[in-house]
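Thanks for coming, everyone. I'll keep this brisk. Please have a look at the model on the screen before I start.

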Amino acid sequence: MSPPPIPSRWKALLLRHESILLLVLILECMYFSSVGRRFASADNASDILRHSVEIGLIALVLTPIILTGGIDLSLGSLLGLCAVVFGTLWRDAGLSIELAALCTLGVGGLAGALNAGLIAGLKLPPLIVTLGTYSLFRGLAEAMTRGVDTFTHFPESFLFIGQESVLGIPAQAPLFVLVALAVWLLVHRTTFGRALQAIGFSPEGARYAGIPVSRRIAAVYIMAGVVAALAALTYTARLGQAKADAGTGYELLAITAVVLGGTSIFGGKGSVPGTLLGVATLAVLSNGLVHARQPREVAGMLTGALLLLALSSSVLPKMFAAWRARRHTQRSAIDPAITEDT
Amino acid sequence: MRKNLREWSVAITFCVLLLFMAIAAPSFYQPQPLLSLLTREAPALIVACGMALVIIGRQIDISVGSQFGVCGVCSALLTASGWPVALVIPTSLALGALIGGINGALVAGLGLPSIVVTLATMVTLREGLRWARQGEFVNLPDAAQWFGMSQSAGQWTIIAMALLIFLAIALKSRHLAAARYVYAVGSDAEAARLAGIRPAWVTFGTFVLLGALTGLAAALNMAQSPQVDPKSGTGLELKAIAAVVVGGVAISGGRGTLWGVFAGFLLLASITPALTHLRVEPYWERAIQGGIILLAVSLEGIKKRR
């Protein structure tokens with residue numbers, strides 16, 4: 001059998017999902033800089049970066065989860081819970097900022113472990129488990145603050161992480177780059193990442209190949225909990241306050257970014273650079289619409305529509321190919337001449 | 001009784017709760033507050049019935065809260081502009097069916113995962129509603145409240161309608177062929193296809209039915225108050241899913257009864273007022289709801305592992 005023809009390197013690169021997304025991003029930037037006067041400025045660029053750190057962090061850790069064929073709807077709620085826990089530990093329990101932050105990361109890990117235990121341990125569907133914890137985490141945050149309590153007056157040194165810049169770069173950016181690099185290495189450069197991909201492709205097959213499926217799945221959910229806690233810290237530092245409604249709706253934005261980035265919602269296929277591009281596309285969209293003097297709700301509506309579009313575009317070509325194949329077989333069944341021709 | 005162990009255990013839990021309330025806080029049993037409670041929760045029962053069918057068919061719809069909001073605001077606007085109730089209710093129902101049809105077409109036609117599709121429609125509808133109304137309430141004419149009847153007559157009408165719909169679906173889901181198709185598709189879509197059922201159409205049908213029921217529920221909800229909040233229906237999806245899951249419907253599809261859903265609905269609906277009577281702060285409501293969902297699914301998971 002002859003090997004299949006190798007397409008030219010350039011063509012393959014151009015047709016990659018990430019390349020198309022990059023093109024969309026560039027077009028978006030060109031459009032908004034022509035519409036809004038102050039869109040294309042260094043200030044605005046660092047503003048976009050600053051505002052997309054939390055969603056970016058959540059989208060990054062959601063990528064390995066969706067890669068295994070799972071989903072986590074609870075991360076936005078967990079961000080809210082962690083923000084409230086952090087505020088309580090610092091203000092009411094009197095811990096130092098560093099210790100409170102460390103404990104918050106621990107709480108995030110514990111919350112992730114709850115998801116992990118139910119999903120990997122009891123083999124329950126991730127969808128319903130994280131729908132339950134979505135309600136549980138947000139409810140705990142509301143109960144802790146009685147729905148109204150807000151934590152403010154954090155020390156300057158802590159707010160520095162969220163609000164100041166070093167050499168024109170937002171202070172939280174290095175943290176984000178570090179996490180992005182770690183997740184990229186984990187997913188694309190280690191056997192751990194290959195195992196996740198195998199699990200998403202076929203859990204049973206992965207088990208036969210000797211991969212400890214439950215432990216791998218548990219690990220990604222716990223990791224997601226810890227990083228959601230980290231996002232809660234940067235969120236609190238950026239806004240200077242911690243409230244029970246922090247991070248509402250972030251799970252949708254993160255899922256949209258991941259799916260937009262070319263990760264299959266059915267698992268088995270995905271890329272971290274794609275997720276980063278997806279986050280950038282969404283962040284530029286919502287920022288650009290503000291500069292184009294559109295109401296905030298339009299950005300929300302477009303995000304939902306974009307998610308549907310990205311999903312449909314991932315299945316429509318396949319459906320079209322299947323439809324053509326079926327039509328071909330039907331026609332050849334009626335008229336044998338067609339098969340003789342080909 | 002052993003066959004429907006799950007349904008009975010939920011029903012017994014509910015009875016224990018009622019008994020406990022009779023001893024610990026007898027003030028729970030006042031006819032007027034109980035009647036308003038049932039009226040307030042009746043729309044959620046209607047939505048839970050539709051949700052049960054969708055989940056039995058191995059799908060999920062988390063956009064019902066937003067559908068409820070859109071249908072509620074639209075029917076309120078129509079009522080305020082002078083439409084009679086007899087026209088508003090079918091219109092709201094049709095609008096709900098249309099939105100459900102969009103979800104159904106995306107899920108059944110394109111084979112997309114229902115959770116992500118309905119997550120997208122949930123946000124798109126809610127943001128669209130917020131954009132259109134800017135948080136403004138819709139004021140209704142006095143004559144529209146309780147369908148122009150006295151308060152208690154209106155309350156009983158709403159409860160009776162909800163019970164009628166529940167009974168119709170519960171009784172028909174055992175014998176009607178279309179309802180058995182839902183169970184067949186939910187337990188194994190490929191086997192159902194080989195048996196001559198068209199799974200895509202069945203799935204589409206359950207989404208349309210859920211949308212229509214949500215539209216009806218929104219109209220019934222509108223009749224209860226002098227104004228309609230554009231934020232109404234927020235969190236309704238969780239309420240409906242919780243009632244369905246607690247009532248013993250398997251989230252993996254194909255299993256469960258409407259009677260169980262009814263028991264789950266009663267249990268969940270009475271927990272919040274019970275807590276208030278026991279002087280627990282209402283902020284705990286969401287956490288308790290989430291905890292109950294997790295408890296119900298974990299029990300199922302533990303049972304399956306044995």
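One term before anything else: a residue is called buried when its relative accessible area is under 20%. Keep in mind that this is a predicted model.

Now apply that term to a helix. How many of the residues of helix H13 of chain A are buried? The answer is 10 of 11, so this helix, residues 250-260, is mostly covered. The buried set in H13(A) includes Tyr250(A), Glu251(A) and Thr256(A). Leu252(A), Ile255(A), Val258(A), Val259(A) and Leu260(A) are also among the buried residues there. Just after H13(A) comes Gly262(A), with a positive phi of about 100°.

Next, the aromatics. Over all chains, the structure holds 12 aromatic pairs. Take Phe86(A) and Phe158(A). Their ring centres are 5.1 Å apart and their planes meet at 40°, so this pair is tilted. Where do the two partners sit? Phe86(A) is in helix H5 of chain A, residues 75-92. Phe158(A) is in helix H8 of chain A, residues 156-163. That is 72 residues apart, so the pair links distant parts of the chain. Both Phe86(A) and Phe158(A) are buried.

Phe158(A) has another ring partner, Phe154(A). Here the centres are 5.6 Å apart and the planes are at 55°, so this pair is tilted as well. Are these two residues buried or exposed? Phe154(A) has 5% relative accessibility, so it counts as buried. Phe158(A) has 6%, so it counts as buried too. Put the ring pairs together and you get a cluster: Phe86(A), Trp90(A), Phe154(A) and Phe158(A).

Stay with Phe154(A). The largest nonpolar core has 186 residues. Which of them touch the most other members? Phe154(A) and Ile241(B) do. Helix H12 of chain A, residues 213-239, gives this core its largest share, 15 residues. There is another core apart from it, of 11 residues, including Val70(B), Val73(B), Ala76(B) and Met222(B). As background, nonpolar side chains tend to be buried together in soluble globular proteins.

What does Phe154(A) touch, leaving out residues up to four places away in sequence? Among its contacts are Phe86(A) and Trp90(A), from the ring cluster. Gly87(A), Ile97(A), Leu159(A) and Thr236(A) are on the list as well. So are Gly240(A), Gln241(A) and Ala242(A).

Now look at His153(A). His153(A) is in the loop between helix H7 and H8 of chain A. With 70% relative accessibility, His153(A) counts as exposed. Beyond residues up to four places away in sequence, His153(A) touches Trp90(A) and Gly240(A). His153(A) and Gly240(A) are 87 residues apart along the chain, yet their C-alpha atoms are separated by 7.1 Å.

Two charges over rings, quickly. Arg207(A) lies over the face of Tyr208(A), 5.2 Å from the ring centre. In chain B, Arg180(B) lies over the face of Tyr183(B), and there the distance to the ring centre is 4.5 Å.

On to a pocket. How much space lies in the second largest pocket? About 1300 Å³. It is lined by 43 residues. Those closest to its centre are Gly69(A), Pro125(A), Pro126(A), Phe266(A) and Arg58(B). H12(A) supplies the largest share of the lining, 4 residues.

Arg58(B) deserves a second look. Its phi is near 65°, a positive value in a residue other than glycine. Arg58(B) sits in the loop between helix H2 and helix H3 of chain B. Its relative accessible area is 45%, so it is partly exposed. In chain A, Arg293(A) also has a positive phi, about 60°, although it is not a glycine. Arg293(A) is in the loop between helix H14 and helix H15 of chain A. At 75% relative accessibility, Arg293(A) counts as exposed.

Last stop: Thr79(B), in helix H3 of chain B. Thr79(B) has 7% relative accessibility, so it counts as buried. Neighbours within four places aside, Thr79(B) is in contact with Val88(B), Leu140(B), Pro141(B), Ala144(B) and Met222(B). Met222(B) also belongs to the core of 11 residues. As for Ile56(B), 23 residues from Thr79(B) along the chain, the two C-alpha atoms are separated by 35 Å.

That's my tour. Over to you.

Technical notes: Residues numbered from 1 in each chain as written. Chains lettered and ligands numbered in written order. Predicted model: local features only at pLDDT ≥ 70, side-chain atom pairs only at ≥ 80, totals over all residues. Heavy atoms only, no water. Phe/Tyr/Trp six-rings, centres within 6.5 Å; stacked < 30°, edge-to-face > 60°. Helix = DSSP H or I, 4+ residues; strand = E, 2+ residues; numbered from the N terminus. Buried < 20%, exposed > 50% of the residue type's maximum accessible area, 1.4 Å probe, protein only. Lys NZ or Arg CZ within 6 Å of the ring centre and 35° of its normal. Core = buried A, V, L, I, M, F, W, Y, C linked by side-chain atoms within 4.5 Å. Contact = heavy atoms within 4.5 Å. 1 Å grid on protein atoms, 1.4 Å probe; cavity = no way out; pocket = protein on both sides within 12 Å on 5 of 7 lines; lining within 4 Å. Points joined across faces, edges and corners; volume = space filled by probe spheres on them.
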